[in-house]
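Dear colleague,

I am handing over the structure we spoke about, and it follows directly below. After it you will find my notes on what turned up.

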Amino acid sequence: MVQIRSVGVIGAGQMGSGIAHVCALGGYDVLLHDVSEDRVKQGLSTIEKNLTRQVSRGIIEPAAMEAAMGRIKAAPELQSIGRADLAIEAATEDEEVKKAIFKALSPHLAANTILASNTSSISITRLASTTDRPERFIGLHFMNPVPLMNLVEIIRGIATDAETYETAVNFAKSLGKTTSNAEDFPAFIVNRILVPMINEAIYTLYEGVGTVDAIDTAMKLGANHPMGPLELGDFIGLDTVLSIMNVLYEGLSDSKYRPCPLLVKYVEAGWLGRKTGRGFYDYRGEKPVPTR
């Protein structure tokens, strides 16, 4: 197996900053890149805030936080990620964006660098085909929020070799995560089941079966879900929910995966959930209020 000492993370948003957070706590040197310096600064600020919260709750010691922050460095240029033993792409859930990142990164990679994508739905085989090393390419789908969620889905592309797979599994386990193997089918395991449920909840709202509050309350109390499906959609990001539904609909050619028109309308309006202040709830006041 390849020995991983350093990790490059491409994307400093919610997922990328979370991955950088757990990698640094796990003892890895981390390079964090995004398209702008401001986004990297925001990502580093988020990591510091979340580590501080863990210290206040007694989950980690102050010394562990200080050491973790010392291991994370900003990487203003994408090519610097090529120095890492493992490069993890955690950009927006858009296939063309992800392919462009890997194409731009490929000329700068060290010979032994392993590539991974944190995609939650897109074909690992297709993404790997844009690189010079499909045999050293794998899916590492971390769950959100990364510091709290224990699962990492491992997805092998058609060309992924055994050494890369074993290295990826051991890397995830070194972060304290549990791994689950998924075949390279649209949305893998978790989102193949979870996101259509959210889409169905949106249809339930769209058809007037229940209000936002009624639907979320019913699923929390009737199915013992910790978060209602509409609240969860807002937390994930409704643009991401729509992207995953489109991958399922186009990839499996089954009408049961058709995105709800109301989901499309919310995304077109820019009401993407918590990150924009409005989704199925309005988050701009003291407490969230349903928007329908």
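Please keep in mind while reading that this is a predicted model.

I will begin with helix 6, which covers residues 162-174 and so has 13 residues. From its first C-alpha to its last this helix reaches 18 Å, close to the 18 Å expected at 1.5 Å a residue. Its buried residues are Thr164, Tyr165, Thr167, Ala168, Val169, Phe171 and Ala172. One of these, Tyr165, has Arg156 lying over the face of its ring, at 4.8 Å from the ring centre. Helix 6 is followed by Gly176, whose phi is positive, near 85°.

Helix 8, residues 212-222, gives a shorter list, since its buried residues are Val212, Ile215 and Asp216. Because these cover an arc of only 90° around the axis, they are on the same side of helix 8. That buried set packs against helix 7, helix 9 (229-236), strand 9 and strand 10 (289-290), while the face turned away from it carries the exposed residues Leu221 and Gly222. Just after helix 8 comes Asn224, which takes a positive phi of about 60°.

Next come the aromatic residues, where the structure holds 6 aromatic pairs. In one of them, the rings of Tyr203 and Tyr206 have their centres 6.3 Å apart and their planes at 70°, so this pair is edge-to-face. Both residues belong to helix 7 (residues 190-206), where they are 3 residues apart, about one turn of the helix. As to their surroundings, Tyr203 is buried, with a relative accessible area of 11%, whereas Tyr206 is partly exposed, with a relative accessible area of 42%. Another pair, formed by Tyr266 and Phe280, is stacked, with 4.5 Å from centre to centre and 25° between the planes. This second pair links distant parts of the chain, given that Tyr266 is in helix 11 and Phe280 is in the loop between helix 11 and strand 9 (281-282), 14 residues apart. Tyr266 and Phe280 are both buried, and ring pairs join them with Trp271 into a cluster.

Helix 11, residues 261-269, also contains Val267. Leaving aside residues up to four places away in sequence, Val267 touches Leu238, Asp239, Leu242 and Leu272. Should you want a sense of distance across the model, the C-alpha atoms of Val267 and Thr125 are separated by 28 Å, and these two residues are 142 residues apart along the chain.

Finally, I looked at Ser17, which is found in helix 1 (residues 14-25). Is Ser17 buried or exposed? Its relative accessibility is 5%, and because residues under 20% count as buried, Ser17 is assigned to the buried group. The side chain of Ser17 reaches the backbone oxygen of Gln14 at 3.4 Å. Again not counting residues up to four places away in sequence, Ser17 touches Gly11, Ala12, Gly43, Thr46 and Ile47.

If you open the model yourself, helix 8 may be a convenient place to start, with Val212, Ile215 and Asp216 as its buried residues and with Leu221 and Gly222 exposed on the face turned away from them.

With best regards

Notes. Residues are numbered from 1 along each chain as its sequence is written. This is a predicted model: local features need pLDDT of at least 70, side-chain atom pairs count only at pLDDT 80 or more; totals for chains, interfaces and linings use all residues. Side-chain values use heavy atoms; hydrogens and water are left out. Helices (H or I, at least four residues) and strands (E, at least two) are DSSP runs, numbered from the N terminus. Buried means under 20% relative accessible area, exposed over 50%, partly exposed in between (1.4 Å probe, protein chains only). A polar contact is a pair of N or O atoms within 3.5 Å; within protein, one must be able to donate a hydrogen and the other to accept it, and residues adjacent in sequence count only if both atoms are side-chain atoms. Contact means heavy atoms within 4.5 Å. The expected span of a helix is 1.5 Å times one less than its number of residues. Rings of Phe, Tyr and Trp (its six-membered ring) pair if their centres lie within 6.5 Å; planes under 30 degrees apart count as stacked, over 60 as edge-to-face and the rest as tilted. A charge sits over a ring if NZ of Lys or CZ of Arg is within 6 Å of the ring centre and within 35 degrees of the ring normal. The arc is that of the directions from the helix axis to the C-beta atoms.
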